[in-house]
Amino acid sequence: MTQSFQKVRALTGMKDVLPDTSAQWEALEATVREWLAAYGYRNMRTPVLEHTRLFTRGIGEVTDIVEKEMYSFTDALNDERLTMRPEFTAGMVRASIEHNMLYDRPHRVYAMGPVFRHEKPQRGRYRQFHQIDVEALGFAGPDIDAELIVMLARLWKLLGLTDIRLELNSLGQAGERAAHRAALIEYLEQHKDVLDEEARRRMHTNPLRVLDTKNPAMQDMADNAPRLFDFLGADSLAHFQGVCDRLQDAGIAYRLNPRLVRGLDYYNLTVFEWVTDRLGAQGTVCGGGRYDGLIELLGGKPAPAVGFAIGVERLLDLCAQSADQAALPECQVYLIHQGAEAQRLAAQLAEKMRDAGLRAIVHAGSAGFKSQFKRADASGATLAVILGDDEIASGTASVKWLREQVAEGQSQQETIPLDRLVTELTLKV
Ligand code: ATP
Ligand code: MG
C-alpha cells in the first residue's frame, strides 16, 4: 500500500511567480536591460552560493544581515561553511578580484536575481526576494555617484513612477567616522536609559546602526545624537557637494538625511535611498552608496567603487499601482482544428507563423470547437485561426478576431486561402 503523500508547500516568505504576474517581471527586466545598456552597464552573473566568510567579512559581523538574516549551512560533502547570497555586492567584488577585472580599467556592471534573508515575512519583506544590482567598480569621483542617481531617476520616469523621492547623506571617511563614533558612544552612554536591548548591545560595536532604529521610543534620542555629517572634513564635503551640484544640473530633488547610514558596514562618503509612501512600512525601493574600502578588505588591490540595489518586489508593487501599465500581448494567434489532418496542418502552419515572427499557440489534443474557443479566449490571443473539414476541403482557413478592437471595415470573421494565410496574419496583428 502506498502511503499518502503530504502536499509540499513553498517555504515561508518565498514566493512563486505565476505566468500572469511573470509578464510584469519580464517587462520590467527588459526595460531595465535597455536602461542599463544606455549608460554602458554590462551584465555579469555570480553564484547564488558563496563561502560564508565572504559575507561576514564583506558586510560586517555586527550587521542585521550577518547577525541574524543569512541562510548559512555546512556543506557536509566537503565540510565548508556556505551562505546563500543575502546581497550582490560582496559576490560581485569577489568576482572582480578573482578575475583581475580592474587590472587595466574600471567597469560598469550589473546583475539581477534572487537574494536570501531570513526575515519576518510581510508585505515588501520576503525571505527570497530579487534585486537589480548595479556597481561601478574602480571609479572614484562624485560624477559617477551622480550618474547612478540620475540613472535611477530615469528608470522611475521610464516606469511612470512619480511618488518616489531621494534621500542623501555622506558617511565621510574612516577618520571622520572614528571621531564621530567616539562622540556618539559618549552620547549613547548618556542616554542609556532609553536604549533598547539591541541598541545597548550594539552601542560599542556598531553605534551608527543604533541611530537607524525603528523603535519609536528611541526616535528623539536618535534625532538629537551627534551627526556624522558635522564631522566631515573638507575633502568629504567637496565630494558631497560634487554630487549635489550634478543632481541640481539634472533637476533631481533630494533631502539631506543625516540619519541615513544604511545597514552594511562597507559604505563611505555618498549613501542614498529612494523611498516612497505608497508601500506601507517597507518604503525603500532602492539603496546604495560608495564603498571605497571593500575591494581592499576582500583582498583586492585598493580601488574605489559605488553601487546600488533595487528591490524588485517592491518596485513591481509600486508599478502595479501606477495606471499606465503596458499590457503585454502574450499570444497573437490561437489555432483551432477539427480532425487529424487539420491538427497536423495547424502544427505546420504555426511553425510558419513563428518563422514570420508571430507568437502562436496550437490547441493541444482534440476537443469540440466550443471548448477550443474558450481556450483561445483565455490565451489572450488576438486572432483565432480555424481549420475544420470545410476549410481543409477548400484549402482555406477561417480567421476570427477574439478581441473587441476590430478595425473599421473589417469583418469579425473571414476566410483566407492557406497560401496567403501567414502573410495576411502578419499584417493583421
Ligand atoms: P530594509 O531597511 O527595508 O531592511 P535594507 O537596508 O536591509 O532594507 P538593502 O540591503 O539596502 O536593504 O537592499 C536593497 C533593497 O532590497 C532594499 O531597498 C529593498 O528594496 C530590498 N529589500 C531588502 N530586504 C528585502 C526583503 N526582505 N524583501 C524584499 N525586498 C527587500
Ligand atoms: Mg534589512
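**Exercise 1. In this predicted model, determine how many bridges join E2 to E4 and in which sense the two strands run.**

Solution. Begin with the pair itself: E2 and E4 are joined by three bridges, and the two strands run antiparallel. Then look for a residue pair that shows this register, and His51 is found opposite Leu82 in E4.

**Exercise 2. Work out the order of the strands in the open sheet that three strands form, and say which strands stand at the edges.**

Solution. The first step is the other pairing of E4: E3 and strand E4, which covers residues 80-84, pair in the antiparallel sense over four bridges. Two residue pairs can be followed along this pairing, since Ser72 has Thr83 as its bridge partner in E4, while Thr74 stands opposite Arg81 in E4. The second step is to place the strands side by side, which gives an open, antiparallel sheet in the order E2-E4-E3. The third step concerns the edges: strand E2 (49-51) and strand E3 (72-75) each have a single partner strand, so one side of each is left without a neighbour in the sheet. From one strand to the next, the twist averages 40°.

**Exercise 3. Describe what connects E3 and E4, and find which helix lies across E2, E3 and E4.**

Solution. Following the chain from E3 to E4, one passes four residues, and the two strands form a hairpin. In the turn of this hairpin, Asp79 has a positive phi of about 50°. The helix to look for is H2, residues 52-59, which lies across E2, E3 and E4 and runs at about 75° to E2.

**Exercise 4. Give the order of the eight strands that form an open sheet, and locate the helices H1 and H4 against its strands.**

Solution. Reading across the sheet, the order is E1-E5-E6-E11-E10-E9-E7-E8, with mixed pairing. Its edge strands are strand E1 (42-43) and strand E8 (255-256), each of which pairs on one side only. Within the sheet, strand E7 (residues 165-170) and strand E9 (residues 268-275) run antiparallel and are joined by six bridges, and the bridge partner of Ser170 in E9 is Thr270. Helix H1 (residues 19-37) packs on this sheet, where it touches E1, strand E5 (107-116), E6 and E11, and its direction makes about 160° with that of E5. Helix H4 (residues 89-98), for its part, lies across E5 and E6 and runs at about 45° to E6.

**Exercise 5. Describe the surroundings of ligand 1: how many residues surround the ligand, which strands supply them, and which polar contacts can be found?**

Solution. Start with the count, which is 17 residues, the closest being Arg117, Glu119, Tyr126, Arg262 and Thr284. By class, the residues of this shell divide into six nonpolar, five polar and six charged. Next, trace the shell back to the strands: strand E6 (128-137), strand E10 (284-290) and strand E11 (305-311) each supply at least two residues, and the largest share, four residues, comes from E10. For the polar contacts, take the pairs of N or O atoms within 3.5 Å. An N or O atom in the side chain of Arg125 is 2.9 Å from an oxygen atom of ligand 1, a backbone N or O atom of Val285 lies 3.3 Å from an oxygen atom of the ligand, and a backbone N or O atom of Gly124 lies 3.4 Å from a nitrogen atom of the ligand. Finally, of the 590 Å² of accessible area that ligand 1 has on its own, the protein covers 90%.

How values were computed:
Residues are numbered from 1 along each chain as its sequence is written. Chains are lettered from A and ligands numbered from 1 in the order in which they are written. This is a predicted model: local features need pLDDT of at least 70, side-chain atom pairs count only at pLDDT 80 or more; totals for chains, interfaces and linings use all residues. Side-chain values use heavy atoms; hydrogens and water are left out. A residue is near a molecule or strand if one of its heavy atoms lies within 4 Å of it. A polar contact is a pair of N or O atoms within 3.5 Å; within protein, one must be able to donate a hydrogen and the other to accept it, and residues adjacent in sequence count only if both atoms are side-chain atoms. Accessible areas come from the Shrake-Rupley method with a 1.4 Å probe; for residues, only the protein chains shown count as cover. Ala, Val, Leu, Ile, Met, Phe, Trp, Tyr, Cys and Pro count as nonpolar, Asp, Glu, Lys and Arg as charged, and the others, Gly among them, as polar. Two strands pair if DSSP finds at least two bridges between them. Axes are lines fitted to C-alpha atoms, for helices over the stretch in contact, and angles run from 0 to 180 degrees between N-to-C directions. Contact means heavy atoms within 4.5 Å.
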